[in-house]
Amino acid sequence: MKGTVNYSVVGNVAILEVDNPPVNPLSSGVRVGLKECFEKANSDDSITGIILKGAGNAFIAGADISEFGQQVEGPDLHTTLAGIELSEKPVVAAINGPALGGGLETALCCNYRIATQNSFVGLPEVNLGLLPGAGGTQRLPRIIGPDKALTIMLTAEGVQAQKALEMGILDEISNNDLIEDAINFLEKKIKQNSSHPKIRDANEMLVEARGNSEIIDKAKSYVAKARRGQFAPGQIIKCVESAINLDDFDEGMKKESEYFLECLMHPQREAMINVFFGQRTAAKIKDVPRETPTSEIKAVGIVGAGTMGGGIAMNFANAGIPVTILDQDQENIDRGMKVINKNYQFMVDRGRMKEEVKNKTVALITPSLDYDSLKDCDIVIEAVYENLELKHKIFMELDKHVKPEAILATNTSGLDIDSIASVTNRPEKIVGTHFFSPANIMKLLEVVRGENTSNETLATVMKISKAIKKTAVVSLNAPGFIGNRMLLGYSKQANMLLLEGALPSQIDNAIEAFGLNMGPFRMMDLIGLDLGWRARKLAGVDSPLTNKIADTLCENERFGQKNSKGFYNYSEGSRAPNPAPENEEIYFKISEENGFTRREISDEEIVDRCILALVNEGAKILEEGVAQRASDMDIVYINGYGFPVWRGGPMFYANSLGLDKVLEKLKGFQKIDSDFWKPADLLEKLAKDELKFGEAPDINERKGKMKFPDIVGY
Ligand code: 3H9
């Protein structure tokens, strides 16, 4: 059994310490320990009260997520928490770090809650396709009201201790020794009261909310926007409606259990838990030991004050790390700093940042025109446009000016890291850090490992990516890395479907109904159709078949959202796509010129061809060892490309379809294009062996170096 609870006594107070490193989830051993320790404390006449705390730096991170869907040992969580709530001796939860999910639910079963300043609480179960199923949906609305409780449960955001105190979740904050403060607090309460409050008895806020449909309507409209396609949020709302409308706490608990079970059995739960663990596994590099030394990053340099450079700088400033941002002339640097300021002001205006925090954060970013100002930086990230020659020049300058032990990183989305490393005297310190736009918002960071990148460099970049709150995934240095390589096949299929007979709106609607944030043509309009067109013109290359329509739109001055005309039309200042029937003539003409007889195409075919193109390419990436594992590709697609988290990522989705079915579909599509749809060897092998992605044998060696394309960035 995993985890335990340590029992000690200070004076007349029993101290129960949940011990299940690193974050003390409520695994089987903890549940057994809690039951036994509460029985022990309650049967000992010398004990007047109980304090519950977590070992190390966490209170309790919730139920043990790895137990869901498994046969569990020991008492269930409800029985365990009933033992706490029914304790004859008063109980104080002494919160010493995150108290999340079942952790907060445990604290809500105690009579009182006291926390350190740095602690935070939350009910993030919705991110796992679940709801707070250990009384959270019934108890939290009773102490802070259903409106605020719904916000906490539906956003899954943590609430810092001070705010939790103001909301009424906590009774006190400890600024000194937590256990000493908790004992004093408990003794004061014992002196003052003969009985101690239980949240189950507090009904006032629920009665007040009865008949107020606004609370539920607001929650539903948030879910429709922010959690489109997810099952659990609706279940959470139903639980809170039950709390509001049922007089009896236990009746509400019954409803919660019913709705929880439905979440537990729902396929989204498994998909989202796959994402939870995938996110954490991605941070581990198979051949880089955990104990690899890392260097400290105390100062960061950025080369290029454009959109990407500015966004990257903001990430470090937000984490309190000073940044020097360099560009070649004053005009660029002024423009870049103006955009950074504007982005921060936007956050202040929206109430997401306090003015004084903004001022402090902006003050961490220093503009510069001089390479020498980067000399003491611990890492410098180059973020200029995609031109290998230019990058070579910049890296030569950096190598000359920046201290030799510093890491030099490039934000390239597809140029050869080894070629960049070759112009420096420190190839072991060269690494790719591919941020996604907008870099201050998007979670994904592709960390690209060159031939000579050292373990120390990789481990340092992985560590710093956590500090700036990015989800880092490692890719070998191969064309397109992971994300853009997979995207190529997906975009190709979208364009082929357009040539064969579907319209952009049909394709986008089908992909969005599948769950992606944005269909491929809306995405192309957002990025700008002209990027590829201009690059091809510059290089003097013809439009490939799949780009012929987009390039013709550009010839007609339709560049996408930037000039309000692309595959769609846009009204001034709006990003909402409107139909563009005037384009149809172009689509039909190019189809005909290229020998296509346009036909009716079903939404199912659209989804299969776009999504299975991702899957087949993903299988090739895996067999070539470019990605370490299938779940890494799921994490890339969810965090960087808007793939629905509730489908678990493209590779997990393929597993859930069944790889034999996937293979059958690919073979069917070979009638359309036998080369493109040739199934990856790995996929054939897994399907034959009735295995899934994730069950494939590890591949840790690359299959030879691949040639990088001459043009990237579209
Ligand atoms: C729930 O409570 C349901 C109930 O309402 C009802 C039940 C009936 N379980 O994130 P980190 C592991 S659902 C198992 O890297 P950090 C994690 O995998 C739960 N394992 O650390 C990792 O393992 P490894 C609701 C867990 O400092 C290691 O701990 N609760 C759990 O960046 C370190 O994690 C949540 O959703 C868990 N509950 O962040 C909270 N939590 O080292 C989920 C973590 O082998 N947890 N692990 O890769 C978190 O949000 C973060 O882990 C936390 C720490 C903020 C606590």
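Begin by colouring this predicted model by its three assigned parts, since the chain is divided into domain 1 (4-265), domain 2 (300-477) and domain 3 (480-714). With domain 1 and domain 2 selected, place a marker at the centre of each, taken over C-alpha atoms, and the two centres are separated by 41 Å.

Next, select residues 136-144 and residues 146-155, which are helix H4 and helix H5. The axes of H4 and H5 come within 7 Å and cross at roughly 130°, which makes H4 oblique to H5, as the angle falls neither over 145 degrees, where a pair would count as roughly antiparallel, nor within 65 to 115, the range for roughly perpendicular. Viewed along the line of approach, the crossing in which H4 passes H5 is right-handed.

Now turn to the second largest pocket, and select Glu270, Ala271, Asn274, Phe652 and Asn655, the residues that lie nearest its centre among the 29 that line this pocket. Helix H12 (267-281), helix H26 (630-640) and helix H27 (650-657) are the elements that give two or more residues to the lining, and the largest share, 10 residues, comes from H12. The space in this second largest pocket amounts to about 700 Å³.

Keeping the lining of the second largest pocket selected, colour it by residue class, which gives 11 nonpolar, 12 polar and 6 charged residues. Finally, restore the domain colours and ask which domains each supply at least three residues to this lining. They are domain 1 (4-265) and domain 3 (480-714).

Key
Residues are numbered from 1 along each chain as its sequence is written. This is a predicted model: local features need pLDDT of at least 70, side-chain atom pairs count only at pLDDT 80 or more; totals for chains, interfaces and linings use all residues. Side-chain values use heavy atoms; hydrogens and water are left out. On a 1 Å grid over the protein atoms alone, a cavity is a set of points where a 1.4 Å probe fits but cannot get out, and a pocket is an open set with protein on both sides within 12 Å along at least five of seven lines; lining residues have an atom within 4 Å of a point. Grid points are joined across faces, edges and corners, and a volume is the space filled by probe spheres set on the points. Helices (H or I, at least four residues) and strands (E, at least two) are DSSP runs, numbered from the N terminus. Ala, Val, Leu, Ile, Met, Phe, Trp, Tyr, Cys and Pro count as nonpolar, Asp, Glu, Lys and Arg as charged, and the others, Gly among them, as polar. Domain bounds come from an automatic or database domain assignment. Axes are lines fitted to C-alpha atoms, for helices over the stretch in contact, and angles run from 0 to 180 degrees between N-to-C directions. Angles under 35 degrees count as roughly parallel, over 145 as roughly antiparallel, 65 to 115 as roughly perpendicular and the rest as oblique. A crossing is left-handed if the near helix is turned anticlockwise from the far one by less than a right angle, and right-handed if clockwise.
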